[in-house]
Amino acid sequence: MADNPLSEVFDREEAGEPDDSALGVGGFGGVDPFVATAAMERADRDPIVARELSAYLRDLARLARVQFEHLHEQRLLNVGHLRVRLWRERFQLAFQMFLALGALAVVVFVATMLHDAFASRRVVIEAFDTPPALAVRGLTPKVVAGELLDSLSKLQAATRATDRKLDIANAWDQDVKIEIPQTGASVGEIDRLLRARFGHDMHIGGSVTQEADGRLSLRVRGTDAPAQTFTGAPGDIDKLATKAAEYLYGAAEPYLFAVYLSQSGRAAEAETFVAATYPTAAQAVRPELVNVWGNALAARARYGDAVEKYRLAIQLDQRLWSAWANLLGALIFTDGEEAAFNAGGSMRRAAAVAPRSNRPAADNWQNLDYLTQDWAAELADIDFDAGKLGGQGTDDVIAGPSLADAAARLHDWTAAGRYLLASDPKDPNTQLERLFLQGYRALDDGAPARAVAPLVAVDAMMRANPSLKDTYVDATCYLGLAYGLTDQAAKAEAVFDRRGRWVACYSFHADTLDHAGDWAGAQRAYARAVALAPDLPFAYDRWGLALLRRGDGAGAAARFAAANRRGPRWADPLKHWGDALAIQGRRGEAGVKYNAAARLAPHWAAARGPSS
């Protein structure tokens with residue numbers, strides 16, 4: 001069998017010699033392909049070789065199955081091992097991520113504590129010292145400190161300003177009890193240490209004692225606030241706490257306290273406080289302090305001095321837009337409406353070159369929009385300001401009456417009533433506005449007799465309260481118009497003589513002369529009204545109405561066009577211009593004017609023309 005090629009293979013396998021090819025790789029079941037081919041050719045001629053070949057192939061098939069099963073089991077073991085390894089690696093990765101996130105959380109927490117410490121500007125009220133005799137009567141250390149805390153909180157809540165206010169806290173309520181390992185310190189204690197080291201907190205403490213005469217003395221002291229003592233009757237701890245809170249509020253927030261005094265009708269105190277505070281105030285707060293100083297002067301009708309302070313505030317900070325707005329309001333009283341309008345032009349030029357991030361807010365344009373009769377913008381300006389503080393606004397006058405007034409000038413009586421309904425009914429400005437709108441609507445409806453009584457009441461309120469007179473600068477002018485249109489010329493003249501140099505008064509005076517049949521005198525009066533403020537639209541519109549009543553459509557249209565150039569967003573001249581064009585038979589042009597008026601005053605039915 002030496003010449004049998006398979007015998008050589010069998011002999012090698014029996015001798016334990018390794019086969020040099022893997023099963024199924026590069027050969028026929030581990031047999032060299034050339035040998036296998038030769039064996040198959042011999043098998044066709046030799047039965048013995050055929051039997052041996054058949055037996056060998058059966059053995060080889062069994063071996064293949066065994067090896068296949070072995071490989072399958074090995075594959076399952078390898079897959080299982082890989083799965084375990086994959087889950088172990090996932091767990092390790094998740095754990096590492098957890099540790100990383102934990103470390104990041106610690107870093108963020110520490111960074112936040114450090115940031116809060118550096119930025120901290122709290123008022124921290126410590127427990128006060130009180131004698132046992134007072135503690136028995138309920139004046140415990142925490143009760144006294146709580147009274148002071150409540151008083152400070154009320155002062156801040158009553159200050160209508162959007163500036164950041166101090167966080168007022170009880171010292172004994174600040175400890176967060178999360179223990180730090182191996183230190184025994186809590187997070188709250190660490191926070192307090194950081195704030196004490198890096199922050200700008202004002203810590204307030206003090207004591208309550210009873211004097212020999214039975215009166216109570218509340219002594220307070222704080223960081224940068226020298227000790228002060230306030231004395232009162234035994235049951236006046238709340239009043240003493242209020243006085244102490246005002247002192248501390250002024251020390252901690254001089255600008256906001258000045259605003260509070262000015263808005264609370266304590267203008268003289270605001271002036272005194274700012275004058276005393278300004279020399280030692282930080283440079284950054286000085287412009288705002290001077291601005292409030294001007295407000296306090298204006299509230300006392302010292303408009304010349306107020307103008308000086310507003311100009312100083314602008315000099316200190318040319319982009320203190322509230323000072324610009326206040327300057328316009330004060331100039332109306334000192335130099336007149338035209339001068340205020342010109343100052344508004346300077347404000348526009350200053351705003352045009354300012355960075356976009358530091359341009360006037362909507363509410364800074366209120367006085368200029370009032371002068372140009374842009375009532376839609378005026379309404380939006382006041383509404384913007386009102387939205388800052390829950391509808392109250394930041395002006396010395398609450399926003400509700402001003403919103404109602406602007407809506408009425410747009411002939412939107414539903415909105416005017418809604419704004420009044422939401423305004424504080426006890427506020428004198430709300431009460432006056434309610435009466436004024438009754439008279440204004442009667443005049444708008446062409447019923448001057450109905451306007452007299454409410455406008456007389458408005459005039460009486462303004463005489464009794466000078467601050468109202470300065471808020472509603474031309475309200476009395478409408479009373480003069482109502483008198484003139486009801487043939488009470490002498491009363492009308494008395495009102496106009498008393499009220500002064502206002503475009504509305506000059507224009508209404510001309511209206512009453514026209515109503516009385518003195519057309520020549522009316523013409524001269526209209527001309528004086530125009531000359532008083534040639535860049536403002538009001539007088540042109542009233543003059544145009546007088547010409548329209550006389551059937552002079554062309555002359556009226558010229559006046560309304562002049563009014564529209566000076567007040568392009570005032571609906572009234574556009575509507576009246578449409579009327580002037582209509583009586584000339586120029587219906588198409590009139591329709592264009594009516595549509596423009598309706599866009600500016602969408603709730604004014606008359607703006608759409610005679611057919612509406």
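This is a chat about pockets, salt bridges and a few single residues in a predicted model.

Colleague: Let's start with open space. What volume does the second largest pocket have?

Modeller: The second largest pocket comes out at about 750 Å³. It is lined by 28 residues, and the ones closest to its centre are Leu443, Asp444, Arg542, Leu545 and His576.

Colleague: Which elements give two or more residues to that lining?

Modeller: Helices α18 (428–444), α21 (475–485), α23 (503–515), α25 (538–549) and α27 (571–583) each give two or more. The largest share is from α25, with six residues.

Colleague: And how does the lining of the second largest pocket split by class?

Modeller: There are 14 nonpolar, five polar and nine charged residues in it.

Colleague: OK, closed spaces now. How many cavities of 30 Å³ or more does the structure hold?

Modeller: Four cavities reach that size. The largest cavity has about 110 Å³ of space.

Colleague: Which residues line the largest cavity?

Modeller: The lining is made of Glu337, Tyr370, Leu371, Gln373, Trp375, Arg409, Asp474, Tyr478, Val503, Ala504, Leu536 and Phe538. Two elements, α14 (366–371) and α23, give two or more residues to it. By class, the lining of this cavity divides into eight nonpolar, one polar and three charged residues.

Colleague: Arg409 is on that list. Which side chain does Arg409 meet in a salt bridge?

Modeller: Asp405, at 3.2 Å from N to O. Both residues are in helix α16 (residues 399–409), and because they are four residues apart there, about one helical turn separates them.

Colleague: Is Asp405 buried or exposed? And Arg409, buried or exposed?

Modeller: Asp405 is buried, at 10% relative accessibility. Arg409 is buried as well, at 8%.

Colleague: What about Glu433, then: which side chain of opposite charge is nearest to it?

Modeller: Arg409 again, but at 6.5 Å, so with a 4 Å limit on salt bridges that distance is too long to count. Glu433 is buried yet has no salt bridge.

Colleague: Where is Glu433 found, and what does it touch?

Modeller: Glu433 is in helix α18. Leaving out residues up to four places away in sequence, Glu433 touches Pro401, Ala404, Asp405, Leu420 and Tyr472. Asp405, from the salt bridge with Arg409, is thus one of the contacts of Glu433.

Colleague: How many salt bridges does the structure hold?

Modeller: It holds 18. One of them pairs the side chains of Arg300 and Glu271, at 2.4 Å from N to O. Arg300 is in the loop between α10 (286–299) and α11 (303–316), while Glu271 is in helix α9 (residues 267–277), so this pair ties together parts that are 29 residues apart in sequence.

Colleague: How accessible are Arg300 and Glu271?

Modeller: Arg300 is partly exposed, with a relative accessible area of 40%. Glu271 counts as buried, at 15% relative accessibility.

Colleague: What is the distance between the closest N and O atoms of Glu589 and Arg586?

Modeller: Those atoms are 2.8 Å apart, and the two residues form a salt bridge. Glu589 is partly exposed, with a relative accessible area of 39%. Arg586 is also partly exposed, at 33%.

Colleague: Which residues do salt bridges that share partners join into one network?

Modeller: Glu271, Arg300, Arg302 and Asp305 are joined that way.

Colleague: Switching topic: where is Asn291, and is it buried or exposed?

Modeller: Asn291 is in helix α10. It is buried, with a relative accessible area of 5%.

Colleague: What does Asn291 touch?

Modeller: Not counting residues up to four places away in sequence, Asn291 touches Tyr310, Ala313, Leu320, Ser322, Ala323 and Asn326. Ala323 is 32 residues from Asn291 along the chain, and their C-alpha atoms are separated by 5.7 Å.

Colleague: Last one, Ala251. Which helix is it in, and what is its relative accessible area?

Modeller: Ala251 lies in helix α7 (residues 237–252). Its relative accessible area is 32%, so Ala251 counts as partly exposed.

Colleague: How far apart are the C-alpha atoms of Ala251 and Pro226?

Modeller: They are separated by 9.2 Å, with the two residues 25 apart along the chain.

How values were computed:
Residues are numbered from 1 along each chain as its sequence is written. This is a predicted model: local features need pLDDT of at least 70, side-chain atom pairs count only at pLDDT 80 or more; totals for chains, interfaces and linings use all residues. Side-chain values use heavy atoms; hydrogens and water are left out. On a 1 Å grid over the protein atoms alone, a cavity is a set of points where a 1.4 Å probe fits but cannot get out, and a pocket is an open set with protein on both sides within 12 Å along at least five of seven lines; lining residues have an atom within 4 Å of a point. Grid points are joined across faces, edges and corners, and a volume is the space filled by probe spheres set on the points. Ala, Val, Leu, Ile, Met, Phe, Trp, Tyr, Cys and Pro count as nonpolar, Asp, Glu, Lys and Arg as charged, and the others, Gly among them, as polar. Buried means under 20% relative accessible area, exposed over 50%, partly exposed in between (1.4 Å probe, protein chains only). Lys and Arg count as positive and Asp and Glu as negative; His and the chain ends are not counted. Contact means heavy atoms within 4.5 Å.
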